[in-house]
Amino acid sequence: MRVGVVGGGVIGLSTAWYLKKMGADPVVVESWTLGSRCSFGNAGWVCPSISSPLPAPGLTLKSLSWMMRRDSPLYIRPSALLKLTPWLLRFRSFCNHADQKRGIAAIAALNRFTMERYDELAASGVEFECHESGVLMVFRDSDKAAAAEKEVKLVTASSATSCTDLTESEVYEREPMLRPGFRFGLFVGADRHVRPDSLSAGLGASLRASGVEIHEDTMATGFRSEGGRVKAIVTPKDDVPVDAVVLAAGAHTGALTRMLGWPIPLTAGKGYSVTIDQPRNQLRQPLYLGGAKIGLSPFTGALRFSGTMELSGINRRMDTARIRSLRRIVSREVDIPEAKEGGRAWVGMRPIVPDSLPVMGKLPSRENVYVNTGHQMLGITLGPSSGWALAGLILEGRPGVGLDAFSAGRF
Ligand SMILES: Cc1cc2nc3c(=O)[nH]c(=O)nc-3n(C[C@H](O)[C@H](O)[C@H](O)COP(=O)(O)OP(=O)(O)OC[C@H]3O[C@@H](n4cnc5c(N)ncnc54)[C@H](O)[C@@H]3O)c2cc1C
């Protein structure tokens, strides 16, 4: 079975990898180069213990208006507001305890397979940089620490992992690079982190080594259908004939599903990062600055800090004011001499739908089209388990985990 996979980010590559492993003949169509978009400069955390949906109880219209402040961790660009309003109203409708609980349980069910899938990739010879040092979350204020602890405990209760409360001295024992005043900490020991570009490179190399056809610099611009089935992916080069298709084009997937008669309300949650090569100081483990919602990741020979969730439409425009604010906060909170001016800035578009759960399964408008997208802040965490589950659904009719909560038919 020749399955066209549109999009060569971590989701498309993981899907292609599991399709190949389960006996299919995937062909990857990527408009740029493998792993070069949102899957490139992110924090790389594989973090089932802190995986939750974005809509949370208590979001009011007033707090939505705070989000138009440029230094807010969740920022809505005023010029994009009109276009985003229907999406935001749907997002707000999920800001309640019942939906949050349902979302946590659905993500946890998928995450139950996350580490197993990562171990499987490594054992099968996929080469990527991976660290098993846990994640340290730190807070200056007791109320922010208590709110985060409540959320982490909701998640860890569903995912059979655990977190440990830390005293101030334990926080500094774990991370001496922190500036003074972080009195509260949580440590989640089971979480890992990977260098995300190494993961895409490793998956790509493994696919190539097993003979998978990969078309880079090739944009899917349409589909040729016959009798409710897609027969070929149309590109500016040759058409790519297929028996089935997986749409995994990140934030651009919505445009493709619309062409096939099934719009999905997908938008981009932009995030920024700065990567410093050969930093003078290095962190002992990934660090989450709770108040500012900024994550820092130590890699081999590099240190990256990242954060912000900006809703400003689907475009890769970089807001330099937000990068400056990221740099300012990091250099205020952590002893990283290069944070203020050094390193490379990057922007990525996280694919997000209003309930912020992944969208995985068959596209109701076509017999042989599937989607795998909407992984918001969790695409690295959920990539391999999502690829595995969707490949199982396509090839064996059994995804290995319930996918009802993720169905494309919910829109
Ligand atoms: C700052 C930041 C930090 C993050 N940190 C983490 C983290 O620590 N842990 C975690 O789990 N997740 C994290 N994420 C989220 C994660 O990066 C995303 O969820 C994930 O990369 C999405 O992968 P994707 O394959 O869906 O999208 P992408 O990586 O964007 O891949 C989609 C691909 O499709 C291609 N494409 C688009 N349109 C077409 C077309 N028409 N034809 C052909 N190809 C097309 C694109 O070129 C692209 O390569 C972070 C994101 C950001 C921005």
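Student: What makes glycine 125 worth a look, just after α5?

Tutor: In this predicted model, glycine 125 follows directly after α5 and takes a positive phi of about 95 degrees.

Student: And α5 itself: which of its residues are called buried, and how do you know?

Tutor: They are Thr114, Arg117, Tyr118 and Leu121, in the helix that spans residues 114-123. The word is used for a residue with 20 or more other C-beta atoms within 10 Å of its own, so each of these four meets that mark.

Student: What makes you say that they line one face of α5?

Tutor: Looking down the axis of α5, the buried residues fall within an arc of 100 degrees, so they line one face of the helix. In general, an α-helix has 3.6 residues a turn, so residues three or four places apart point the same way.

Student: Which residues lie on the other side of α5, and are they buried or exposed?

Tutor: Glu116, Asp119 and Ala123 are there, and they are exposed. That term needs 12 or fewer C-beta atoms within 10 Å, so these three satisfy it.

Student: What covers the buried residues of α5?

Tutor: The cover includes β3 (45-46), α4 (97-111) and α11 (379-396).

Student: Let's turn to the strands. Why are β10 and β20 said to stand at the edges of their sheet?

Tutor: The sheet is an open one of six strands, in the order β10-β2-β1-β14-β21-β20, with mixed pairing. β10 (213-215) and β20 (359-362) each have a single partner strand, so one side of each is left without a neighbour in the sheet. On average, neighbouring strands of this sheet are turned by 20 degrees against each other, direction ignored.

Student: How do you know that β1 and β14 count as paired?

Tutor: Pairing takes at least two bridges, and β1 (residues 2-6) has four to β14 (residues 244-247), so the two strands pair. They run parallel, and valine 3 stands opposite alanine 244 in β14.

Student: How do β11 and β12 pair?

Tutor: Five bridges join β11 to β12 (residues 229-234) in the antiparallel sense. Arginine 224 stands opposite alanine 232 in β12.

Student: Which residues have the most contacts inside the largest nonpolar core?

Tutor: They are Val5, Val6, Val245, Val246, Leu247 and Tyr370, in a core of 111 residues.

Student: What is leucine 247 in contact with, leaving aside its neighbours within four places in sequence?

Tutor: Its contacts are Val6, Thr253, Leu256, Thr257, Val369, Val371 and Thr373. A contact here calls for C-beta atoms within 7 Å, so each of these residues passes that test with leucine 247.

How values were computed: Residues numbered from 1 in each chain as written. Predicted model: local features only at pLDDT ≥ 70, side-chain atom pairs only at ≥ 80, totals over all residues. Axes fitted to C-alpha atoms, helices over the stretch in contact; angles between N-to-C directions. Arc of directions from axis to C-beta. Contact = placed C-beta atoms within 7 Å. Core = buried A, V, L, I, M, F, W, Y, C linked by C-beta atoms within 7 Å.
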